[in-house]
Amino acid sequence: MNSIFNRKSIRKFKEKTIEPEKIEKLLKAGMQAPSAMNTQPWEFLVVENKESIIKISEMSKYAKPAYTSACCIITLCNMKHIKEKKMDDWFPQDMSACTENILIQAVEEELGAVWLGTYPDEERCEYLQKHFNIPKDFMPFSVIVLGYPDKEYTVEDRFDPNRIHYETY
C-alpha cells in the first residue's frame, strides 16, 4: 500500500540512466495487470534514446515532461488480438490497469513517473505510430515517462469521506 499512497505524477527528472533490471520490473508489473477474460492485450515499446525521447516530448503540449526523462514506455494494445478474442470494448480498462501497475512499481523502484494520455486521441496515436514505426494493428495507449525525480516531492492525502456512499446514493 505504501507505493499506492506515495505515487505522484513527476514531471522533471535528473540526468541519470535507469538500470535495466528496474525497467524489467516495471514491465513485469504491467504484465501482471488484470485483463478481461485474461486477454492480456499489451506489448511495450521501451524508448531510451534521447533523440527518440525528444520526439515523444513533441507529441503534444502536454508531453513536455518527457524531455528530461531517462526512459519512456509506450504501452501498445494488440488490436488484432483484441478483435480475435471479441474483446474490443474492454481493452481501455485492461490497458489502464497495466499502465497504473507500472506507475505504482515506479514508486517501488524509487523512480518518478507520469502518464501521458495518448489513446483515444487519434492525432497522438498516429504521431507515435509514425515516429516509432508501430504497426497499424497496435494501438499506442499510453506513454509512461520515467526517471529519477529532480527533487523530493510531497504527496497529498486525497481521501475524502464525502465521496463515499453505502448501499444507495
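Here are some questions and answers about the predicted model shown above.

Reader: Before we start, what kind of model is this, and what pLDDT do local features need?

Author: Happy to help: residues are numbered from 1 along each chain as its sequence is written, and side-chain values use heavy atoms, with hydrogens and water left out. This is a predicted model in which totals for chains, interfaces and linings use all residues, side-chain atom pairs count only at pLDDT 80 or more, and local features need pLDDT of at least 70.

Reader: What is the volume of the largest pocket?

Author: Rolling a probe the size of a water molecule over the atoms shows where empty space is left. On a 1 Å grid over the protein atoms alone, where a 1.4 Å probe fits, a pocket is an open set of points with protein on both sides within 12 Å along at least five of seven lines. Points are joined across faces, edges and corners, and a volume is the space filled by probe spheres set on them. For the largest pocket, that volume is about 460 Å³.

Reader: Which element gives the largest share of the lining of that pocket?

Author: Lining residues have an atom within 4 Å of a point, and here there are 19 of them, with Glu110, Leu111, Pro149, Lys151 and Tyr153 nearest the centre. Helices (DSSP runs of H or I, at least four residues) and strands (runs of E, at least two) are numbered from the N terminus. Both α5 (91–108) and β3 (112–117) supply at least two residues of the lining. The largest share, three residues, comes from α5.

Reader: How many charged residues are in the lining of the largest pocket?

Author: Ala, Val, Leu, Ile, Met, Phe, Trp, Tyr, Cys and Pro count as nonpolar, Asp, Glu, Lys and Arg as charged, and the others, Gly among them, as polar. Sorted this way, the lining has ten nonpolar and two polar residues, and the charged ones number seven.

Reader: Which elements give two or more residues to the lining of the second largest pocket?

Author: The second largest pocket has a volume of about 350 Å³. It is lined by 13 residues, and the closest to its centre are Ile4, Arg7, Val155, Glu156 and Arg158. The elements that give two or more residues to this lining are α1 (2–5) and α5.

Reader: Which element gives the most to the largest nonpolar core?

Author: A nonpolar core is a set of buried Ala, Val, Leu, Ile, Met, Phe, Trp, Tyr and Cys residues joined through side-chain atoms within 4.5 Å. Buried means under 20% relative accessible area, exposed over 50%, and partly exposed in between, with a 1.4 Å probe and protein chains only. The largest core has 25 residues, of which Ile18, Ile73 and Leu146 touch the most other members. Among the elements supplying at least two residues are β2 (71–78) and β4 (138–147), while the most, six residues, come from α5.

Reader: Which residue forms a salt bridge with Arg124?

Author: A salt bridge is a side-chain nitrogen of Lys or Arg within 4 Å of a carboxyl oxygen of Asp or Glu, and the count comes to four. Arg124 counts as buried at 17% relative accessibility, whereas its partner is partly exposed at 31%. With the closest N and O atoms 3.5 Å apart, that partner is Asp121.

Reader: How far apart are the closest N and O atoms of Lys83 and Asp88?

Author: Asp88 is partly exposed, with a relative accessible area of 32%. Lys83 forms a salt bridge with Asp88, and their closest N and O atoms are apart by 3.2 Å.

Reader: Which residue does a cis peptide bond join to Tyr119?

Author: Most residues other than glycine have a negative phi, and most peptide bonds are trans. Here the bond is cis, with omega about 10°. The partner of Tyr119 has its place in the loop between β3 and α6, and that partner is Pro120.

Reader: What is the phi of Met37?

Author: Met37 is found in the loop between α2 and β1, and it is exposed, with a relative accessible area of 72%. Gln40, in the loop between α2 and β1, has a positive phi of about 45°. Met37 is not a glycine, yet its phi is positive, at about 50°.
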